[in-house]
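Here is a short tour for a newcomer. Take a look at the fold before reading on.

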Amino acid sequence: MIPVRLSLRNFLSYGEEVPPLDFTPLHVVCLSGDNGHGKSALLDAMTWAVWGEARKAAGARKPDDDLLRKGAGEMAVEFEFDVQTETHRDRYRVLRQYRPTRGGKSALEFQIYSPESEGFHSLTQPSLTATQRLIEQTLRMAYDTFINSVFIVQGRADEFTRRSASDRKKILADILGLWLYEELEERSRQRAVSARRTAAERGRRLSDIDTALKEEPACRKRIETLEADLKRLTTKGKRIDKERDGLRVRLATTDTARKRLDDLRKQRQNRLRRLSDMDVQIASERAEIEEFVHTLSERAVIEQTFLEYRALTEERERLNRSLQRLRRLEGRKNEIDTKILQARHGREVEKQKWIARRESLEKGLTEAQALLGKKNRIEEGYQRLLLARRADEQWDKKRRRYDEIDLRMRECRETLRQDESALQTELSSLRHRLGDLDRRVSGIESHRTRVAALKEQDEDLRRKEQEKQKIEERGRELVAHIDMQKNKIKLYKHQEEEANDRLKELLQKTKANCPLCDAALDERRRETIEANIGDTLQAHAVEIDKSLRSIQLAEEEKKELTVKFKTIRPQLEALPQLQQEIATADRALQDAIAAAAEARGPRRDVEALQNRLERGDYGKEARREIETGQATLKTLGYDPDRHEALKTKLRELQTFESEKSRLEETQARYDTAVAEREKVMEHISNMDRELETETYAEAFRAELENVECDMEALRYDETNSQCCERRFEELKDAPSQKEKLDEAIRQHDKTRMMLADRLQVAEALRTELDGLTAQIETLERESEDTTETEQLIEELSKLRETVAQEERETNQQVGAEKEKATRYRQMAEERPSVETDLRQAARDQQVYEKLTVAFSRDGIPALIIENAIPEIEEEANAILSRLTDNRTQITIEPLRNLKTGGSKETLDIQISDELGTRPYELFSGGEAFRTNFALRIALSKLLARRAGASLRTLIIDEGFGTQDAEGLDHLVDALQGIQEDFEKIIVVTHLERLKNAFPSRIEVAKYPDIGSRFEVVV
C-alpha cells in the first residue's frame, strides 16, 4: 500500500473543508507539529479508512464515536493508494463515512482506477463486511499485521516484541503471505474428506456387489423351476379351454330356442300392457258417455241461464265505467280545493312579510331619529379631530428627525464603548502576557544553577562512560589474550604428545631410524635424540606454566574489571534521562532569557495603553458626532411630553370619525326607509282587499264549477250497482255449464263409435295372448335341459381363471428373477471399475492427507518461517550495527529445549552485546527501542519484498524520546540507508533536531475555530 492522496472531514481534531494531502511528490517525509495538534490523526485516518480501525481508548464501547470531531454530525475519510505487485501497479480509493445515529450508521465504498475510462469504478460488495473482506484480500494484510510491521504506532514500537511467541509466528506468517498455505491446507483437507467419502462409498458398493453376486446361482435355479411350473400351467390351461369349448358348441344349438322364448315372453308382456291400457280407455269412455247424457237432459235450463249472464255482464261494465269517471272527477275536485286553500295561505303569508317589513322600517326610523338628534355635537367633534391630526403630523416630522439623531448618538456612544472595551481587552491581554513573561523570567537564576549542576553530572557520567569503554576495551583485550594463551597451551600439549610418541618409539625399538633423515641410529645418536626430546618437553612444560600463570592473572584482572563495570553501568543508565533533563533545563533557561527580552515590548505597550485610556484618546470622530447631535436636538424643539399629550387627545377624538361615518350612513338610510314605508303600506292594503273579496285563484274556481257539473251529469246509483254484483256472483258458473253442454253435443256420438271399436280390439288381444302362452310353455320345457351344461361351463371358466392367475404370477416371478440376473450380470461388469475407483480414492486420500500435513502450520509454512528468520536477523543486525557501533546483535530462536526433554516451537528474541547474551526483556528503554526499531524495519523490508501485494511504505510514529543525540544521528543514518527499499517513509516527530534531517516536512497546526490544518514544506 503506497499512499497517494488523503482527504478527511470532522475526523478527530480536523474539521470541515480540510484540503487534501497529496503524497505523490514525497519520498522521505517528516510529519511534525506540537503534541495534540493532529499529527497521528492523519495516520489514524488512513487505517480507519482502509480497516475501520484506529487508536481507541481502553474499554471504548463505541470507538467510532470517539474519532468523531466534537459537535459534528458526520465524519468521512477518502484515501487513495497504489498496490504494487510483481507484474503491475493498481490504484484504489476507499471512502468511509460514519454518522452517530442510534446504533451508529457506517458507509464504505471501494473503487479501482481504470486508465481506459480515466475514472474510478466501484468494487463495493452488497454488504459492508464483504467490502471490508475484499479490501483486506487486495492488500493481503489485516490491521494487526499492518501495525506490527510497516506502521510503528505511537507508544507501540514494541508491538511485535511484546507479543507472545504464537502471535509473533502468526504475524510473521501474514507478512510472508503464508495465508496461501492456509487456503491450500483447507482445500487439501476438503479433498481428503471427499476422497475418504468416495472410498467409503466405493467400498460399500463393492461389498454390495460381492454380496449380491453370491446369490446369482440360486437365482438361476429359481428361474429354471419357475419356467417348468409355467410350462405345466400353460398345458393345463389349454386342456381346460378345449373341454369348455366343447360344452359351448353343445350349448350353441339351444341358443335359437332360448332367443325365441325371450321374444315370445316380450310379445306377451306387450300384449298384456296393451290390453290393460285398452281396459282403462274403455272404462273412461263409458263414463264420458254417461256424463254427456246427463248434460243433454238439462239443455234448456243451461241456455236460459247463459242469456241472463250475458245481459248482467254488459250492465256491470257500464256501471264500472260510470264509477271510474266519478272517482276521477272527485279527485280533481279535491286537488282544486287544495290549490285554492294554498293560494289563500300564500296571500296571508305574503301579507305577514309586508307587515314585518313595515315594523322593521318603523323601528329603524326610530333609531335613526335618535342618532340624527346628535348631529351638531358629532360635527363639532369631527372638526376638532381634523385640527389635532394636522398638529400631530407636524410633531411626527420633528420626532422622526429626533429619532435619527438620537440613534446616531447611541451608535457613536456604542462605538466609544467598544473602542474602550477593545483597549481594555488589549491591555488585559498584554498584562496577562507580561505576567507570564515575568513568571518565566523570575526563574532564570534557578534555571542557570540547575543547568550548571546537570552539566557537571553529565561530565562526570561521560568520564565514567569513557572509563566504561576503556574497561570494555581492556576486557576484549584480556579475552583475546586468554584465548591466545589457551591456544598456545593446546599447541604445546599437542607437540608434547608427538614428542612422547617419538620417544616411546625410540625406546621400544632396538633398531631405529632418525625421524629427520631416516638414517640408521647408533646408541650415541639415540641418546642425543632422547636428550633433545627431553629438553624440548621440559621447555614446553615451562611455557605452559607461564601461560597458565598469565591466564590466571588475566582472569583475576577480568574479574576486577567486571566488578568495576557492574559498578559503573547502573550509574550510566541515568545518562539518557540526565541528557533529557539537561535539554529540558537548557530549553527552560533559553525560554526565560527569551522571555526577558520579549517582555520589554509588552511593558512599553501597557504604559501607552494606560495613557490613552486615562486621556480618552480614542473615538474622536464619534465624540464630535455626539456633540453635533446634541446641538441639533436643542434647535429642533421637539417635546416628547407635549407630543404624547397630543397623541392622547387624538385618541380621545378618534371616536368622532366613526360617529361621523355612522351619521352619514344613518341619514341616507332614514331617507330611503321613509320612501319604502309608503310602498309597504300600499301593498298591505291591496292584500287585505284580495282576501276579503276572494279575488285570488280565479282559474281554479272556474274549473271547480265545471267538475261539479260533470259529477251531477253522471247520475251514478250505488244501490243498483250492488244488486247487479250480487246477481252476477250467483250466475258466475253459467259460461262453464254452457261450454260443457256444447262439448256434450259435439262428442256424444263420436265417443259411442270409439267405444265399440275398442271392445273389438280388446277381444282380439285376449285371443292372441292365449296362443303366446301355449308357445312359451313348450319352449320353457325344452330349455330346462341346458342348465346343467351352463353350470359345467361356469365351473370350467372359474378353474381357467385360477390357472391364468397362477400363470401370470409365475410369469411375474420369472421376470423378476431374470431382472435380478441382469442386475447381477451388470454388477459383475461394474466390479472392476469400482475396484479401480476404490484404489484411486484411497491413493487420493493418502496424497491429500499428506498435503494437509505439509500445508499445515508445522509443515511448509514452518520451514518458510525458519528460512526467513536468518533474513530477518541479517536485516535487523545490519541496522543495529549502525545504531550501536557494532556492539549489539540479535538472535531469533525458532526452537526452545525443554527441561523434560524434546523441544518447543517458539520465536524467542535474544540480544548479545559485550557483556553477553540476554533476553529482550532485560534491556533498558533506549536499548529496547533500538532493538524494536531494527526488528520492525527488518519486518517492513521483508514485507516489501515477499508479500503477495507489495507494501513499499514505512510509517514511524514517535518513539525517539529515549534516544540521545548520538542515538538520533544513528537513527537518521539508518533511515537514509533503507530509503531506497521503500517508496514512502513517513516519520512523525516533534523533535527539532530530527525534523531538520528530512528533505520534506508536513507541518501540522491546530486552531481553536477551524481545527487542525497541515502544510507541505519541500
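A residue is called buried under 20% relative accessible area, exposed over 50%, and partly exposed in between. By that scale Tyr113 is partly exposed, because its relative accessibility is 34%. Phe120 is partly exposed as well, at 24% relative accessibility. Keep in mind that this is a predicted model.

**The sheet**

Start with the strands. Six of them make an open sheet, and their order is 2-1-4-5-6-7. The pairing is antiparallel. Strand 2 (21-22) and strand 7 (119-122) are at the edges. Each has a single partner strand, so one side of each lacks a neighbour in the sheet. In general, strands of a sheet pair through backbone hydrogen bonds.

Now look inside the sheet. Strand 4 (residues 75-84) runs antiparallel to strand 5 (residues 89-99), and ten bridges join the pair. Which residue of strand 5 is the bridge partner of Val77? The partner is Arg96.

**The helices on the sheet**

Two helices deserve a look here. Helix 1 (residues 39-51) packs on the sheet. It touches strand 1 (2-9), strand 2, strand 4, strand 5 and strand 6 (105-114). The direction of helix 1 makes about 80° with that of strand 4.

Helix 3 (residues 128-139) also packs on the sheet, where strand 4, strand 5 and strand 6 are its contacts. Its direction makes about 40° with that of strand 6.

Gln132 lies in helix 3. Is Gln132 buried or exposed? It is buried, because its relative accessible area is 12%. Leaving aside residues up to four places away in sequence, Gln132 touches Val50, Trp51, Gly52, Arg96 and Leu108. Gln132 and Leu108 are 24 residues apart in sequence, yet their C-alpha atoms are 8.1 Å apart in space.

**Rings and charges**

The count of aromatic pairs is seven. One of them joins Tyr113 and Phe120, edge-to-face, with 70° between the planes. Ring pairs also link Phe79, Phe81, Tyr92 and Phe110 into a cluster.

Phe120 has a charged partner too: the charged end of Arg93 sits over its ring. Elsewhere, Lys398 lies over the face of Trp395. The table gives the distances for these charges over rings.

| Charged residue | Ring | Distance to ring centre |
|---|---|---|
| Arg93 | Phe120 | 4.1 Å |
| Lys398 | Trp395 | 5.1 Å |

Phe120 thus links two themes: its ring pairs with Tyr113 at 5.4 Å centre to centre, and the charged end of Arg93 sits over that ring.

How values were computed. Residues numbered from 1 in each chain as written. Predicted model: local features only at pLDDT ≥ 70, side-chain atom pairs only at ≥ 80, totals over all residues. Heavy atoms only, no water. Pairing = 2+ DSSP bridges. Helix = DSSP H or I, 4+ residues; strand = E, 2+ residues; numbered from the N terminus. Contact = heavy atoms within 4.5 Å. Axes fitted to C-alpha atoms, helices over the stretch in contact; angles between N-to-C directions. Phe/Tyr/Trp six-rings, centres within 6.5 Å; stacked < 30°, edge-to-face > 60°. Buried < 20%, exposed > 50% of the residue type's maximum accessible area, 1.4 Å probe, protein only. Lys NZ or Arg CZ within 6 Å of the ring centre and 35° of its normal.
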